[in-house]
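Here are a few exercises to work through with the model open in your viewer. Try each task on your own, then check it against the solution.

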Amino acid sequence: QVQLSESGGGLVQPGGSLSLSCAASGTIFRIIVMGWYRQAPGKQRELVATITGGSIVNYADSVKGRFTISRDNAENTVYLQMNSLKPEDTAVYSCNVRAYSDYRNWGEYWGQGTQVTVSS
């Protein structure tokens, strides 16, 4: 099993910045991809950004140029730097990790979620 520990989030004014981090621990043979998703009230969960072990990144169009995802492979940690935040970025942000526990078996894991609120 893999456990995810998230930190960061909170309340920020429009135009401000916040950072999130998510550390994976447990039985990890190899991490395939790490990423962040978000869910706003009344909306479906959506992808924010993902990053592979080879540092290939993917962003939602709505956050391109404002958010930056990065990872520390040695620490199995993924980060999300969020700049120029807008009220529409308000959501619960959840960390997602797909990882092999051995050479054959892999699973998908979710963090508990952290609230990001952008409001004046």
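What follows is a set of tasks on a predicted model, each with a worked solution.

**Exercise 1. Get the overall picture: how many helices and strands does the chain have, and what is its radius of gyration?**

Start with the secondary structure: there are 0 helices and 11 strands. Reading along the sequence therefore gives nothing but β, in the pattern β-β-β-β-β-β-β-β-β-β-β.

Next, the dimensions. The C-alpha atoms fill a box of roughly 50 × 25 × 20 Å along the principal axes. For 120 residues, a compact globule would have a radius of gyration near 14 Å, and the chain has 14 Å, so the two agree.

Finish with burial and contacts. Of the 120 residues, 42% count as buried. Take the contacts between residues at least 6 apart in sequence: 53% of them join residues at least 24 apart.

**Exercise 2. Work out the order of the strands in the open sheet of 4 strands, and say which strands sit at its edges.**

Begin with E1 and strand E3 (residues 18–26), which pair in the antiparallel sense over 7 bridges. In this pairing, Glu 6 stands opposite Cys 22 in E3.

Now go to E7 and strand E8 (residues 77–82), which are also antiparallel, over 6 bridges. Here Ser 70 stands opposite Tyr 79 in E8. E7 and E8 form a hairpin with 4 residues between them, and Asn 76 in the turn has a positive phi of about 50°.

Put together, the order is E1-E3-E8-E7, with antiparallel pairing. The edges are strand E1 (2–8) and strand E7 (67–72), each pairing on one side only. Neighbouring strands of the sheet are turned by 15° against each other on average, direction ignored.

**Exercise 3. Sort the residues of E7 by face: which are on the covered face and which on the uncovered one?**

Covered first: Phe 67, Ile 69 and Arg 71. The uncovered face has Thr 68, Ser 70 and Asp 72. Ser 70, which you met opposite Tyr 79, is thus one of the residues on the uncovered face of E7.

**Exercise 4. Find the disulfide, and describe its geometry and surroundings.**

The count comes to 1 disulfide. Cys 22 and Cys 95 form it, with their sulfur atoms 2.1 Å apart. The pair links distant parts of the chain: Cys 22 lies in strand E3 and Cys 95 in strand E9 (residues 91–100), 73 residues apart.

For handedness, look at the angle about the S-S bond: it is -80°, and the link is left-handed.

Then check accessibility, where the cut-off for buried is under 20% relative accessible area. Cys 22 is at 0%, so it is buried. Cys 95 is also at 0% relative accessibility and therefore counts as buried.

**Exercise 5. Take Thr 114: is this residue buried or exposed, and what does its side chain reach?**

Place it first: Thr 114 is in strand E11 (residues 114–118). Its relative accessible area is 11%, so Thr 114 is buried.

Now follow the side chain of Thr 114, which reaches the backbone oxygen of Gly 8 at 3.0 Å.

Last, list the contacts, leaving aside neighbours within four places in sequence. Thr 114 is in contact with Glu 6, Gly 8, Gly 9, Leu 20, Ala 91, Val 92 and Tyr 93. Among them, Glu 6 is familiar from Exercise 2, where it stands opposite Cys 22.

Technical notes. Residues numbered from 1 in each chain as written. Predicted model: local features only at pLDDT ≥ 70, side-chain atom pairs only at ≥ 80, totals over all residues. Heavy atoms only, no water. Pairing = 2+ DSSP bridges. Helix = DSSP H or I, 4+ residues; strand = E, 2+ residues; numbered from the N terminus. Axes fitted to C-alpha atoms, helices over the stretch in contact; angles between N-to-C directions. Buried < 20%, exposed > 50% of the residue type's maximum accessible area, 1.4 Å probe, protein only. Polar contact = N/O pair within 3.5 Å; in protein donor to acceptor, adjacent residues only side chain to side chain. Contact = heavy atoms within 4.5 Å. Disulfide = S-S within 2.5 Å. Rg over C-alpha atoms; globule rule 2.2 N^0.38 Å.
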